[in-house]
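Before turning to individual residues, it helps to settle what is meant by a contact, and then to move from the whole chain to its parts. Please keep the sequence and the model side by side while reading.

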Amino acid sequence: MAAAAGQPESPDQAMAPLLAGQAGRAGVPPRVAFFLGDGSGIAIERSTIHVAAALASPAFKVDLVIARAVEPTARAEAAGARLVRLTPESATAARISAVRAWPLAILDLALPVLWGSHPSLAYIKALADYLAQARPDALIANGTYHNVTAALARALAGVPTRLV
């Protein structure tokens, strides 16, 4: 349903098309997960936390999946979002997880992942475990490496979670 002229859409209305057909479990609100680096307060993470807090309602279950919890996440928690803390792997284990997720793409993964050193890559296995257990309907990641980590984790977990 579109918002009236001049009226912004509510978070529920804005997310409904994204999840259409994905959250078919009768009576269970769709689960939306937000994957953040460490919630340290950089602009993109603050904005994501504001969106998560606005979306947390009886219509949506919201998870903030982060490396380390710090103060800005308290706003989203107070609004009803669940905070999920991930534990990192060693750099070597993270690279092995990346290859296990997409073995045929080893050459494509070589530069950005296998020789890369972005901290979010250490969370591939932990994020895959979260996806396999919680099975969110959508995972929203912020930033290039967070999206790469999310894609690898989804492939490793073998779940149909939509990535945004």
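Two residues are in contact here when heavy atoms of the one lie within 4.5 Å of heavy atoms of the other. With that meaning in hand, and leaving aside neighbours within four places in sequence, Thr48 is in contact with Phe34, Leu36 and Asn142. The model is a predicted one, and every value below is computed from it.

The overall plan comes next. The protein chain holds seven helices and five strands, and if one reads along the sequence, these elements follow the pattern α-β-α-β-α-β-α-α-α-β-α-β. Of the 164 residues in the protein chain, 41% are buried, while the accessible surface comes to about 8,400 Å², with 60% of that area belonging to carbon and sulfur atoms. Among the contacts in the protein chain with a separation of 6 or more, 67% are between residues 24 or more positions apart.

Which element holds Thr48, the residue used above to introduce contacts? Thr48 sits in helix α2, which covers residues 43-55. Its relative accessible area is 12%, and because buried means under 20%, Thr48 is counted as buried. Val51 also has its place in helix α2, but at 47% relative accessibility Val51 counts as partly exposed, a class that lies between the limits of 20% and 50%. Along the sequence, Val51 and Phe34 are 17 residues apart, and in space their C-alpha atoms are separated by 9.4 Å.

Phe34 itself belongs to strand β1, residues 31-35. Is Phe34 buried or exposed? With a relative accessibility of 2%, Phe34 counts as buried, and its surroundings can be listed in some detail. If residues up to four places away in sequence are not counted, Phe34 touches Thr48, Val51, Ala52 and Leu55, as well as Val62, Asp63, Leu64 and Val65, and in addition Leu139 and Ile140. One of these partners, Val65, is 31 residues from Phe34 along the chain, yet the C-alpha atoms of the two are separated by 5.8 Å.

Strand β1 can also be approached from another part of the chain, namely the loop between α6 (124-134) and β4 (138-141), where Asp137 lies. Asp137 has a relative accessibility of 3% and therefore counts as buried. What does the side chain of Asp137 reach at 2.8 Å? The partner is the backbone nitrogen of Arg31, and residue 31 is where strand β1 begins, given its range of 31-35.

Arg135 lies in the loop between α6 and β4 as well. Arg135 is partly exposed, with a relative accessible area of 41%, and its backbone deserves a separate look, since its phi is near 50 degrees, a positive value in a residue other than glycine. For context, most residues other than glycine have a negative phi.

The last region to consider is the packing of two helices. Helix α4, residues 91-101, and helix α7, residues 144-157, pack at an angle of about 65 degrees, and their axes are 8 Å apart. The crossing of α4 and α7 is left-handed. On the side of α4 the contact is made by Ser97, Ala98, Arg100 and Ala101, and on the side of α7 by Leu152, Ala155 and Leu156. How do the residues of this contact of α4 with α7 divide into nonpolar, polar and charged? Five of them are nonpolar, one is polar and one is charged.

Each of the two helices also offers a residue whose spacing to a distant part of the sequence can be checked in the model. Thr92 has its place in helix α4 and counts as exposed at 54% relative accessibility, the limit for that class being over 50%. Thr92 and Ala122 are 30 residues apart in sequence and 8.8 Å apart in space, taken from C-alpha to C-alpha. Val148 is found in helix α7, where at 26% relative accessibility it counts as partly exposed. From Val148 to Ile124 the separation is 24 residues in sequence and 9.2 Å in space, again from C-alpha to C-alpha.

Definitions and conventions:
Residues numbered from 1 in each chain as written. Predicted model: local features only at pLDDT ≥ 70, side-chain atom pairs only at ≥ 80, totals over all residues. Heavy atoms only, no water. Axes fitted to C-alpha atoms, helices over the stretch in contact; angles between N-to-C directions. Helix = DSSP H or I, 4+ residues; strand = E, 2+ residues; numbered from the N terminus. Left-handed = near helix turned anticlockwise from the far one by under 90°. Nonpolar A, V, L, I, M, F, W, Y, C, P; charged D, E, K, R; others polar. Buried < 20%, exposed > 50% of the residue type's maximum accessible area, 1.4 Å probe, protein only. Polar contact = N/O pair within 3.5 Å; in protein donor to acceptor, adjacent residues only side chain to side chain. Areas by Shrake-Rupley, 256 points an atom, 1.4 Å probe, with all protein chains shown as cover.
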